[in-house]
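Work through the exercises below with the sequence and the 3D view open. Each task is followed by a solution in steps.

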Amino acid sequence: MTSDSTPSIPTGDAPRPQRRVRYSGKNPRRFSEKYKEHAADQYGADVAKVVASGKTPAGMHRPILVREILESLAPKPGSVMVDCTLGYGGHAREILGAIAPGGRLIGLDVDPIEQPKTLERLRSAGFGPDAFTAVRRNFAGLPQILAELGLDGVDGILADLGVSSMQLDDPARGFTFKEDGPLDLRLNPERSPSASEWLARVSRGDLETALRDHADEPHATVLADAIVAARQREPITRTARLAAVIRETLRTGKLASTRDLENICIRRVFQALRIAVNDEFGVLDGLLRNLPYCLKSGGRVAILSFHSGEDRRVKKAFQEGLRSGVYSEIAPELIRPDAEELRSNPRSSPAKLRWAVRA
Ligand SMILES: C[S@@+](CC[C@H](N)C(=O)[O-])C[C@H]1O[C@@H](n2cnc3c(N)ncnc32)[C@H](O)[C@@H]1O
């Protein structure tokens, strides 16, 4: 297990621009040029302005439905909890505040680039090894992780699924098509395959199924045909090339009337590839199966999902658990961000929260 008990903790290995970088125009536009946002600790007022404008500063993630998650998990001083998806540590920080004194939070993440930075931030905020343990592992292995930590059940578990803004916005990670970058899309770039490797090997039929099942893509058939034809001409290794292939296909077939609609379709294709490459449905199904064995009686779980394929799985697992008596109570309805959160953080708009209580 890679945990923060390991003596050498990798820290801050991504570049952190400290001085003004060169860029054209009045304001930096590219991710790497936003040097103030990358150094939020030094440029607090500038970063606050970005947040107030409803944007997410480069290199940061704004936690979603924080109050609702805390209400769902009901953390108390002394509680032992797991954050399955540590990310920037926004939810973790709130949970750590609520379980002090005497509580313990285990924070999992598979991302070897962002996780060390988050650990460092939480340590700097005063959360020492007694209160917070970082583990760089997949949440699909939660029962084994808890066993290795000597825990036979916890009071609360949070999973905030998908990607963080730091991952999404960094063109070098390949999740965005706003700037060209390698077509990577891995939460853990140390594990194969990348999206370009996956795309080079996948059959036409499996690609079409992934587009439909992972992103409800209405043009799955025609896009799968176009992507397969394009890869035969030349391997698709860059985000800009994949976006161009999709855009051209939509235009040729008159399938999207505006650039915005084209962009929505490109986002769906990227989402489908991301889910496939990271086996996101497989690991979520594993977590949902394992949850009852990881919670103490009365323990609570909250899951924040971002698209229908995830929410369907969570809803079904919680309803089946209620019927079989594994859970004593589940969220009566979906919890969504309110108007104020949607205004202040538009990235919260697809968020869907559900909770359950272990019998
Ligand atoms: C939406 S972000 C979480 C943001 C976090 N709640 C916060 O407040 O900063 C999701 C994070 O979970 C991680 N992640 C996604 N799937 C995972 C998995 N199966 N196991 C462990 N970490 C995962 C991603 O690498 C990413 O950092």
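**Exercise 1. A buried helix**

Which are the buried residues of H12? State also how far the helix reaches and what its buried residues pack against.

Solution. Keep in mind that this is a predicted model.

Step 1. Locate the helix: H12 covers residues 259–277, which is 19 residues.

Step 2. Check its span. From its first C-alpha to its last, H12 reaches 27 Å, close to the 27 Å expected at 1.5 Å a residue.

Step 3. Apply the cut-off: a residue is buried if 20 or more other C-beta atoms lie within 10 Å of its own. The buried residues of H12 are Cys265, Ile266, Arg268, Val269, Phe270, Gln271, Ala272, Leu273, Arg274, Ile275, Ala276 and Val277.

Step 4. Find the partners. The buried residues of H12 pack against H8, H9 (204–215), H10 (220–233), H11 (239–252) and H13 (280–294).

Step 5. Look just past the end of the helix, where Asp279 takes a positive phi of about 45 degrees.

**Exercise 2. Two cis peptide bonds**

Find the residues that a cis peptide bond joins to Pro101 and to Pro193, and place each proline.

Solution.

Step 1. For Pro101, the partner is Ala100, and omega is about -5 degrees. Pro101 sits in the loop that runs between helix H4 (90–99) and strand E2 (104–108).

Step 2. For Pro193, the partner is Ser192, again with omega of about -5 degrees. The loop holding Pro193 is between helix H7 (165–169) and helix H8 (195–201).

**Exercise 3. Positive phi outside glycine**

Ala74 and Leu185 both have a positive phi. Is each of them buried, partly exposed or exposed?

Solution.

Step 1. Ala74 has a phi of about 45 degrees and is not a glycine. Its place is the loop between helix H3 (66–73) and strand E1 (80–83).

Step 2. Count neighbours for Ala74: there are 15 C-beta neighbours inside 10 Å, so Ala74 counts as partly exposed.

Step 3. Leu185 has a phi near 65 degrees and lies in the loop between H7 and H8.

Step 4. Count again for Leu185: 27 other C-beta atoms are within 10 Å, so Leu185 is buried.

**Exercise 4. The chain as a whole**

How many helices and strands does the protein chain have, and what radius of gyration would a compact globule of 359 residues have?

Solution.

Step 1. The protein chain has 15 helices and seven strands.

Step 2. A compact globule with 359 residues would have a radius of gyration near 21 Å; the protein chain has 21 Å, so the two agree.

Step 3. Along the principal axes, the C-alpha atoms fill a box of roughly 60 × 55 × 40 Å.

Step 4. Of the 359 residues, 45% count as buried.

Step 5. Consider contacts between residues at least 6 apart in sequence: 69% of these join residues at least 24 apart.

**Exercise 5. Two domains**

Give the bounds of the two assigned domains and describe where they touch.

Solution.

Step 1. The domain assignment gives domain 1 (66–165 + 280–358) and domain 2 (189–277).

Step 2. The C-alpha centres of domain 1 and domain 2 lie 31 Å apart.

Step 3. Six residues of domain 1 are in contact with six residues of domain 2. On the side of domain 1 that touches domain 2, H13 and helix H14 (308–324) are the elements that give two or more residues.

Step 4. By class, that side of domain 1 has two nonpolar, three polar and one charged residues.

**Exercise 6. Around the ligand**

Which residues come nearest to the ligand, and how is the shell made up by class?

Solution.

Step 1. There are 22 residues around the ligand, and Pro63, Thr85, Gly87, Tyr88 and Gly90 come nearest.

Step 2. The shell has nine nonpolar, nine polar and four charged residues.

**Exercise 7. Two loop positions**

Are Gly325 and Gln42 buried or exposed?

Solution.

Step 1. Gly325 lies in the loop between H14 and strand E6 (327–330). With 8 other C-beta atoms within 10 Å, Gly325 is exposed.

Step 2. Gln42 lies in the loop between helix H1 (35–38) and helix H2 (44–52). With 12 other C-beta atoms within 10 Å, Gln42 is exposed.

Step 3. Set sequence against space: the C-alpha atoms of Gln42 and Thr252 are separated by 48 Å, with their positions 210 residues apart along the chain.

Key:
Residues numbered from 1 in each chain as written. Predicted model: local features only at pLDDT ≥ 70, side-chain atom pairs only at ≥ 80, totals over all residues. Helix = DSSP H or I, 4+ residues; strand = E, 2+ residues; numbered from the N terminus. Expected span 1.5 Å × (residues − 1). Contact = placed C-beta atoms within 7 Å. Near = placed C-beta within 6 Å. Nonpolar A, V, L, I, M, F, W, Y, C, P; charged D, E, K, R; others polar. Rg over C-alpha atoms; globule rule 2.2 N^0.38 Å. Domains from an automatic or database assignment.
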